[in-house]
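Please walk through the structure shown below, starting from a pair of strands and moving outward to the core and to two individual residues.

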Amino acid sequence: MADDYLLRVTAGPSYDSSTHQIVSVNTPTPTKITSTICTANISVQIQNYRGLPHNSPSTSTYFAHPQHVYDQYSISFTLIPHKSISGKSLLFGNDFDYPIRDRLPPGFSTALRIFKWAIDPGIDGDAYADKPYLYGNALSSLNVLRVGPKIDGDAKTAVSARQQERQVIEEGGYEGGDKLREDLGVPEDAATRKKWFLGEQGRLERWVWEEGRIYEADFFNPYLDFNSKGYCFVNIELQVVD
């Protein structure tokens with residue numbers, strides 16, 4: 001089935017495909033998107049990539065990093081909110097406006113239960129619905145979260161260059177972002193941070209994705225091989241729920 005499709009990765013500020021750009025997979029150049037909510041620079045790495053454009057590199061130096069030698073893909077991004085967003089309101093995941101139940105592999109429900117138990121207990125959704133979705137809170141779903149400084153408009157052009165220089169994002173903070181995490185009691189390592197935000201009530205509400213602050217994140221895993229899946233497009237969403 002996988003041989004019948006070619007993967008194409010696009011990014012944009014809305015569901016309207018006319019606003020989307022082709023993402024350069026496995027390259028150091030991020031794709032910049034801007035909306036009224038945020039500015040984001042997005043990078044996608046896929047191991048053994050055979051999709052579009054046809055001249056795309058098949059792999060990335062990302063997968064040579066000791067922390068990612070077993071991973072199959074990475075979706076990393078730098079995010080600068082244009083308005084402050086409650087920690088409870090920012091979700092990470094995917095959805096479709098059409099059914100995909102006939103394309104899901106056998107045993108998908110069991111695999112999802114195992115994923116929720118072992119990897120991300122905060123994820124929720126219905127992959128068999130007419131409009132399927134799977135979402136989790138960004139604070140407990142993102143593998144890596146790095147908090148940076150607040151910046152003004154003139155400094156935003158430097159964000160893309162910084163992301164290119166540091167292709168592999170590491171958990172933590174810098175230039176004041178580390179103190180922000182410390183003041184809120186957010187654990188230093190990624191696995192504990194994810195569990196921490198799923199714990200005591202009120203922790204999500206106390207976190208604020210601050211207007212004008214730099215946030216860097218990475219989502220990856222070794223479980224999904226795009227070369228064996230029958231999808232033409234990958235839809236990645238950062239959803240703000242009012």
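**Strands, cores and two buried polar residues**

Asn 41 stands opposite Thr 78 in β5. This pair belongs to a predicted model, in which β4 and β5 run antiparallel and are paired over 9 bridges. On β5 there is also a pairing with β13, again antiparallel, through 7 bridges. In that second pairing, Tyr 73 is placed opposite Asn 221 of β13.

β5 is mostly covered, with 9 of its 9 residues buried. Tyr 73, Ile 75, Phe 77, Leu 79 and Pro 81 point one way from the strand, while Ser 74, Ser 76, Thr 78 and Ile 80 point the other way, and all of these are buried.

Leu 79 also appears in the largest nonpolar core, which has 35 residues; Val 9, Ile 46, Leu 79, Trp 207 and Trp 209 are the ones that touch the most other members. Two or more residues of this core come from each of β1 (8–11), β4, β5, β7 (90–95), α2 (138–141), β10 (144–150), α5 (190–197) and β13 (213–221). The largest share, 5 residues, is that of β4.

Ile 46 has contacts beyond its sequence neighbours within four places: Leu 7, Val 9, Val 25, Asn 26, Ser 58, Thr 59, Phe 63, Gln 72, Tyr 73 and Phe 226. One of these, Phe 63, is a member of a second, separate core of 6 residues, which also includes Tyr 62, Val 168 and Ile 169.

Next comes the loop between β4 (38–46) and β5 (73–81), where Gln 47 lies. Is Gln 47 buried or exposed? Its relative accessible area is 17%, and because buried means under 20%, Gln 47 counts as buried. The side chain of Gln 47 makes a polar contact of 2.4 Å with that of Thr 59. Leaving out residues up to four places away in sequence, Gln 47 touches Ser 58, Thr 59, Phe 63, Asp 71, Gln 72 and Asn 227. Ser 58, Thr 59, Phe 63 and Gln 72 are thus listed for Gln 47 and also for Ile 46.

The last residue to examine is Lys 194, in helix α5. Lys 194 is buried yet has no salt bridge. Which side chain of opposite charge is nearest to Lys 194, and how far away is it? It is Asp 120, 6.0 Å away; a salt bridge has to be within 4 Å. Apart from neighbours within four places in sequence, Lys 194 is in contact with Ile 119, Leu 139, Ser 140, Ser 141, Leu 142 and Asn 143.

Terms used
Residues are numbered from 1 along each chain as its sequence is written. This is a predicted model: local features need pLDDT of at least 70, side-chain atom pairs count only at pLDDT 80 or more; totals for chains, interfaces and linings use all residues. Side-chain values use heavy atoms; hydrogens and water are left out. Helices (H or I, at least four residues) and strands (E, at least two) are DSSP runs, numbered from the N terminus. Buried means under 20% relative accessible area, exposed over 50%, partly exposed in between (1.4 Å probe, protein chains only). A polar contact is a pair of N or O atoms within 3.5 Å; within protein, one must be able to donate a hydrogen and the other to accept it, and residues adjacent in sequence count only if both atoms are side-chain atoms. Contact means heavy atoms within 4.5 Å. A nonpolar core is a set of buried Ala, Val, Leu, Ile, Met, Phe, Trp, Tyr and Cys residues joined through side-chain atoms within 4.5 Å. Two strands pair if DSSP finds at least two bridges between them. Lys and Arg count as positive and Asp and Glu as negative; His and the chain ends are not counted.
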